[in-house]
Amino acid sequence: MKYIFRLFVFSISTGLILSSCSNDDDGTPQVPLGDYENGYFILHEGAGPITPVTYVGYDGTSEQAPFDNVNPGASPFGGFNQDLFFAGDLAFIISGQFATVTVVNRYTLEFVASIDTDLENPRYGTVLDGKAYVTNSGDFSTTADDFVTIIDLSDYSTTTTLVGDIAERIEAINGKLYITNGSFGSGNSLTVIDPNNLNAPSSIDFGDGNSPNSLEAGGGSLYVLTSSFTTTGKVFTINLSNDSISNTLDLPATLDAPRQLDIEGNTIYFTNGTSVYGFTTGSSSISDTPILTYQSSSQFGSMYGFSVRDNTIYIADAGDFVSNGTAFEYDLDGNLLNTITTDVAPNSFHFN
């Protein structure tokens, strides 16, 4: 990728001077952060060794194996890549297959470090106050040992803290950690942890049949989407000042498998099957008329990844989980803008 600095010609009495633009107009050129600063990554969940991400520029161009191209001598990257999250100029990629967190520069994809201690079936991550927090399923036969790995970003040393319940998605909001205690319809609560008092977590109970599968903060509240595949899905609004449920909104009974809640502006989006739905914050009801529906032949990989960003809807389809997947960009009216070929099992979008 090439970066073009626009040069302006200023006329003065003694001649012409070329001056490059800058963000603050102080005459200092804006130095590019790296080849991958103007786009987003699509994470691959296929079995390894596998290239971890596809890169898509905001100009529509794409690169299917940027990490491999930048790091040709790097060790094979583990598969079952579950999550990618950022902190400053760093990106952290969680590999469930190798039980590692790989650290790279988010703008250049140059390898920085690999973390392989205190991890067992790692799932999702977030960053708060100089530390990364990664949820772990531990032994899949029980949820009693699920825990969080705490990574000190100054030296990548690790410690752990027990959750003792399903530990899946995690978000850092207002100085606290919020962890969904739900997986494939099981579990019905949200764990709240104060990092300054790890041994005293609290819990928000959603009630039987309300298993949280996604969460997003917006407008000073936290929204949690629940579904058990047997009862009507719900969206819970959490008051972040006291971590209590301030509102509950039922989804239409026709939408029997809602998931992947995301917020853009004052609209809350979610998916059901191969369709995308939305409603504004503060709504008293939710329509079952989709914003868009796309066609998929995948039995389990349809709508495998989803995000809404800057008036664009992003959808990932994992196909057959052994060959290349596909990602799509749509506008908010459901018009297809771009189709991208990825590596195996694209599952999420991460924006620089």
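## Residue S323 and its surroundings

S323 has a relative accessible area of 33% and is therefore partly exposed, a class that lies between the buried limit of 20% and the exposed limit of 50%. The structure described here is a predicted model. S323 belongs to the loop that connects β27 (312-317) with β28 (324-331).

The side chain of S323 makes a polar contact of 2.7 Å with the side chain of D320. T342 is separated from S323 by 19 residues in sequence, and the C-alpha atoms of the two are 9.2 Å apart in space.

## Overall architecture

The protein contains 1 helix and 30 strands. Its radius of gyration is 22 Å, close to the 20 Å that the globule rule gives for 352 residues, so the protein is as compact as a globular protein of that length. The C-alpha trace spans about 80 × 45 × 45 Å along its principal axes.

Of the contacts between residues at least 6 apart in sequence, 40% join residues at least 24 apart.

## Burial, surface and charge

Of the 352 residues in the protein, 49% are buried. The protein exposes about 16100 Å², and carbon and sulfur atoms supply 47% of this area.

The protein carries 10 positive and 41 negative charges. The mean positions of these two sets of charges are 3 Å apart.

## A buried position in strand β11

T135 is part of strand β11, which covers residues 131-136. The relative accessibility of T135 is 0%, so this residue counts as buried, the limit for that class being under 20% relative accessible area.

Beyond its neighbours within four places in sequence, T135 is in contact with N121, P122, R123 and Y124, as well as with F147 and V148. The contacts of T135 also include A167, E168, I170 and I179.

## Backbone features in loops

The peptide bond from G48 to P49 is cis, with omega near -5 degrees. P49 is located in the loop between β3 (39-44) and β4 (53-57).

Positive phi values occur at A99 and N311, and neither residue is glycine. For A99, phi is near 50 degrees. A99 is placed in the loop between β7 (90-95) and β8 (100-105), and it counts as buried because its relative accessibility is 19%, with the limit for burial set at under 20%. For N311, phi is near 65 degrees; N311 is found in the loop between β26 (305-309) and β27.

## Residue N38 ahead of β3

N38 lies in the loop that joins β2 (15-20) to β3. With a relative accessible area of 39%, N38 is partly exposed. N38 and E63 are 25 residues apart in sequence, and their C-alpha atoms are 13 Å apart in space.

## Loop positions in summary

Strand β3 borders the loop of N38 and also the loop that holds P49. Likewise, β27 borders the loop of N311 and the loop of S323. Among the loop residues described, S323 is partly exposed, as is N38, whereas A99 is buried.

Definitions and conventions. Residues numbered from 1 in each chain as written. Predicted model: local features only at pLDDT ≥ 70, side-chain atom pairs only at ≥ 80, totals over all residues. Heavy atoms only, no water. Helix = DSSP H or I, 4+ residues; strand = E, 2+ residues; numbered from the N terminus. Rg over C-alpha atoms; globule rule 2.2 N^0.38 Å. Buried < 20%, exposed > 50% of the residue type's maximum accessible area, 1.4 Å probe, protein only. Contact = heavy atoms within 4.5 Å. Areas by Shrake-Rupley, 256 points an atom, 1.4 Å probe, with all protein chains shown as cover. Lys, Arg positive; Asp, Glu negative; His and termini not counted. Charge placed at Lys NZ, Arg CZ, Asp CG, Glu CD. Polar contact = N/O pair within 3.5 Å; in protein donor to acceptor, adjacent residues only side chain to side chain.
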